[in-house]
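Colleague: I would like a close look at one part of this model, with its surroundings described as well. Please take it step by step.

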Amino acid sequence: MTDPGLPSGTVTLLFTDIEGSTRLLQRLGDEYAVVLAEHHRLVEAAAAAHGGSRVDAAGDGLFYSFSTARGGLAAAVGAQRELGAHDWPSGEDVRVRMGIHIGEPMSAETGYVGIDVHRAARICSAGHGGQILASEAVHTLIGAAVPADVTLADLGVHRLRGLDVPERLYQVRGPGLATEFPPVRSLDSIPNNLPRQLSSFIGREAEIAAATAQLRETSVLTLTGPGGVGKTRLALEIGAQLADDYDGGVWLVDLGSVVEASLVADAVASALGVAQHPSMPLVGAIAASIGGRRVLLIVDNCEHLLDAVVSLLEQLLGSCANLRVLATSREALGIGGESLVPVPSMSLPPESVAGHDLAALASCDAVRLFVDRARAAMPGFVLDGENASPIAQICRRLDGIPLAVELAAARVRTLPPSQIASRLDHRF
């Protein structure tokens, strides 16, 4: 169960992580353990001094919650000042980025879940080492309670990865804090044609971890699974999360509406903005456009054009050493060097979980997806003791298939979950 000491209701969420931790580990070797311990000690002390409760720790990342916005902001400022003044081993400059957001996360066995947690994490990852970024909610709610000598500088509105609603970001400034940073890491600052998502991304942590790790080792990765299981949305989320790795951009090629094999190259050229050259085959023009840049090509809905897709990709991969391909298909492409990540249905609540155990239900991805989409259809919708059992039943009956769960959730405009569950024997 959730730590009873964690704040509930409206809370301030603070995420931190060390920028470039992998490179730091490679340089320091065994001494990195000392750096990590000192980092944890300094951040923990600053959080505790302002009433913070640790929610989670994963590697070099820390997650705290506070009952007040002022406490969370003061903790972040205090931690950055201590980290910046600390004498690190081997003269290293350990730089930590931080993100602060205010929301109402749901309690679960793992701590907190919900879109506010994801938003706080995305705000943190958008920053740079030494930088503190705060959300519009922090700026609005903290008002005149900003700690003395601290200001919030407006950085404008940004599209953050995996979030459907853009976020206005503020940089925390004050004595002892760095002030000059590169542009915020957002989809607006990276070459791409990724569509803006109109709904939040839920779950899939294991699949994202597997895919991001494999894409660093292979040139072609294919997400496989039946229709409606969420391959496209997962591919877009992976591409958004890895955008910083590709200076040549992340480009989506949607083959869903392409019916002729001869038009596959045209679809790729269109996505990359490559024009036909009269003295060069189109495939050659595409390869010349990519050149030696690091480019991620997301090729979506390949199953009905496998031979044409494989033929084109083999030519491009043979000419472009830094090209990576993330494909989605109901079956493997069959191209040399291909790696596969099967995309399963979303996690379901076990039959043994009772309807009154809201924390256990809220930790299941299928339930979280239903509640999120139901809230979009009917603002104010929440998981409670009355609808928990029907929602769990709906998710189980639909086998956790995201498309089916989303369609069912949209029905809450006209039917309560109990009636939706009772009508599942009828076709939607």
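Colleague: Which residue just after H9 takes a positive phi, and of about how many degrees?

Modeller: The model is predicted, and everything below should be read on that basis. The residue is Gly 291, which follows directly on H9 and has a positive phi of about 55 degrees.

The helix before that glycine is best described through its buried residues. In H9 these are Leu 282, Val 283, Ala 285, Ile 286, Ala 287 and Ile 290. An α-helix has 3.6 residues a turn, so residues three or four places apart point the same way. The partners against which the buried residues of H9 pack are H8, S12, H10 and S13. For Ile 286, the contacts beyond four places in sequence are Ala 265, Val 268, Ala 269, Leu 272, Val 274 and Leu 316.

Ile 286 also has a place in a wider set. The largest nonpolar core has 37 residues, and those touching the most other members are Leu 255, Ile 286, Leu 297, Val 309 and Leu 333. At least two residues of this core come from each of strand S11 (250–254), helix H8 (264–272), helix H9 (282–290), strand S12 (295–300), helix H10 (306–319) and strand S13 (323–329). Apart from this core lies another, of 35 residues, which includes Tyr 64, Ala 69, Ala 79 and Val 138. In soluble globular proteins, nonpolar side chains tend to be buried together.

Positive phi values also turn up in residues other than glycine. Most residues other than glycine have a negative phi. Asn 301, in the loop between S12 and H10, has a positive phi near 65 degrees. Its relative accessible area is 23%, so Asn 301 counts as partly exposed, the cut-off for buried being under 20%. Asp 399, in the loop between helix H13 (388–397) and helix H14 (402–410), has a positive phi near 60 degrees. Asp 399 is partly exposed too, at 47% relative accessibility. A glycine with a positive phi, of about 65 degrees, is Gly 59, in the turn of the hairpin formed by S2 and S3, where 2 residues lie between the strands. These two strands pair in the antiparallel sense over 5 bridges, and Ala 57 stands opposite Leu 62 in S3.

S2 and S3 lead on to the largest pocket, which holds about 2000 Å³ of space. Each gives two or more residues to the lining, as do S1, H1, S6, H4 and H6. The lining has 45 residues, and Asp 17, Arg 97, Arg 122, Ser 125 and Gln 241 lie nearest the centre. By type, the lining divides into 17 nonpolar, 14 polar and 14 charged residues. H4 gives the largest share, 6 residues.

H4 itself is mostly covered, with 8 of its 11 residues buried. Among the buried residues of H4 are Asp 116, His 118, Arg 119 and Arg 122, alongside Val 117 and Ile 123. In the loop between H4 and strand S7 (132–134) sits Gln 131. With a relative accessible area of 2%, Gln 131 is buried, because buried means under 20%. Beyond four places in sequence, Gln 131 touches Gln 80, Val 96, Arg 97, Met 98, Leu 155, Gln 171 and Phe 181. Of these, Arg 97 is one of the lining residues that lie nearest the centre of the largest pocket.

Key
Residues are numbered from 1 along each chain as its sequence is written. This is a predicted model: local features need pLDDT of at least 70, side-chain atom pairs count only at pLDDT 80 or more; totals for chains, interfaces and linings use all residues. Side-chain values use heavy atoms; hydrogens and water are left out. A nonpolar core is a set of buried Ala, Val, Leu, Ile, Met, Phe, Trp, Tyr and Cys residues joined through side-chain atoms within 4.5 Å. Buried means under 20% relative accessible area, exposed over 50%, partly exposed in between (1.4 Å probe, protein chains only). Helices (H or I, at least four residues) and strands (E, at least two) are DSSP runs, numbered from the N terminus. Contact means heavy atoms within 4.5 Å. On a 1 Å grid over the protein atoms alone, a cavity is a set of points where a 1.4 Å probe fits but cannot get out, and a pocket is an open set with protein on both sides within 12 Å along at least five of seven lines; lining residues have an atom within 4 Å of a point. Grid points are joined across faces, edges and corners, and a volume is the space filled by probe spheres set on the points. Ala, Val, Leu, Ile, Met, Phe, Trp, Tyr, Cys and Pro count as nonpolar, Asp, Glu, Lys and Arg as charged, and the others, Gly among them, as polar. Two strands pair if DSSP finds at least two bridges between them.
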